[in-house]
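Me: I am new to this structure and would like a close look at a single part of it. Please choose one element, describe how it is placed, and then follow its surroundings in one connected account.

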Amino acid sequence: MADLPRMELLKPTEAQDYLVAAKGMFAGAKPLSTVKPLPLYAITLLCGHTCEASLKSLLATSGLTADELSTKPYGHNIINLWCDAAKAGYSLSFPQPHWVSQLHEVYDKPFHLRYPLGFHGMGFPNQEAMLQGTEALLELAMSVVK
């Protein structure tokens, strides 16, 4: 009996790691879109994380490291991530759609979605546009990251 080749476990790339996070977050957001009334906080937070991770997966594919992507000008800043992914040649609308800027306003610092402190209300992005756009962004990342 011939010996089998030694099994080798490959370490995922940072782009693949981000993509796993993006897929996992969107897997939670999509079914929530059928709940009535819509759980706006949950869907918006999950879409924000999906967008952030999808964009970071694209930029990591372009050569940026996780350390670079976790600090300024990136971090949780969806606008900067979007702009630089568009500049890197990925087919993203530029300037970004209105839902992206609205999402950024509640997703980034001071993190109103995570810590809704000191105010009585919050404006949310158009949920349908945000879900469709987030899904399209995730599909773009899945088509690029190998």
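Reply: A polar contact is a pair of N or O atoms within 3.5 Å; within protein, one must be able to donate a hydrogen and the other to accept it, and residues adjacent in sequence count only if both atoms are side-chain atoms. The model is predicted, so local features need pLDDT of at least 70 and side-chain atom pairs pLDDT 80 or more, while totals for chains, interfaces and linings use all residues. Residues are numbered from 1 along each chain as its sequence is written, and side-chain values use heavy atoms, without hydrogens and water.

The part chosen is helix 4, which spans residues 78-87. Helices here are DSSP runs (H or I, at least four residues), numbered from the N terminus. At the N-terminal end of helix 4, Asn77 acts as a cap: one of its side-chain oxygens lies 3.1 Å from the backbone nitrogen of Ile79. After the helix comes Gly89, which has a positive phi, near 105°.

Helix 4 is mostly covered, with seven of its 10 residues buried, that is, under 20% relative accessible area (exposed is over 50%, partly exposed in between; 1.4 Å probe, protein chains only). The buried residues are Ile78, Ile79, Leu81, Trp82, Cys83, Ala85 and Ala86. They pack against helix 2 (40-61), helix 3 (66-69), helix 5 (98-107) and helix 6 (127-144).

The packing of helix 4 on helix 5 can be described in detail. The two helices meet at an angle of about 140°, and their axes are 8 Å apart. Axes are lines fitted to C-alpha atoms over the stretch in contact, with angles from 0 to 180 degrees between N-to-C directions. Helix 4 and helix 5 are therefore oblique to each other (under 35 degrees is roughly parallel, over 145 roughly antiparallel, 65 to 115 roughly perpendicular, the rest oblique). Ile78, Ile79 and Trp82 of helix 4 make the contact (heavy atoms within 4.5 Å) with Val100, Ser101, Leu103, His104 and Tyr107 of helix 5.

Aromatic rings deserve separate attention. Rings of Phe, Tyr and Trp (its six-membered ring) pair if their centres lie within 6.5 Å; planes under 30 degrees apart are stacked, over 60 edge-to-face and the rest tilted. By this rule there are two aromatic pairs. The pair of Tyr41 and Phe124 is edge-to-face, because the ring centres are 5.2 Å apart and the planes stand at 75°. Tyr41 belongs to helix 2 and Phe124 to the loop between helix 5 and helix 6, so this pair ties together parts 83 residues apart in sequence. Tyr41 counts as partly exposed because its relative accessibility is 36%.

Trp82 and Trp99 form an edge-to-face pair, with 6.2 Å from centre to centre and 90° between the planes. Since Trp82 is in helix 4 and Trp99 in helix 5, the pair ties together parts 17 residues apart in sequence. Both Trp82 and Trp99 are buried.

Helix 2, one of the packing partners of helix 4, also holds Ser54 and Ser57. Ser54 counts as buried, at 0% relative accessibility, and Ser57 counts as buried at 0%. A polar side-chain atom of Ser57 lies 2.6 Å from the backbone oxygen of Ser54. Leaving aside residues up to four places away in sequence, Ser54 touches Ala22, Leu137, Leu138 and Ala141, and Ser57 touches Ala15, Tyr18, Leu19, Ala141 and Val145. The C-alpha atoms of Ser57 and Val20 are separated by 9.3 Å, although these residues are 37 residues apart along the chain.
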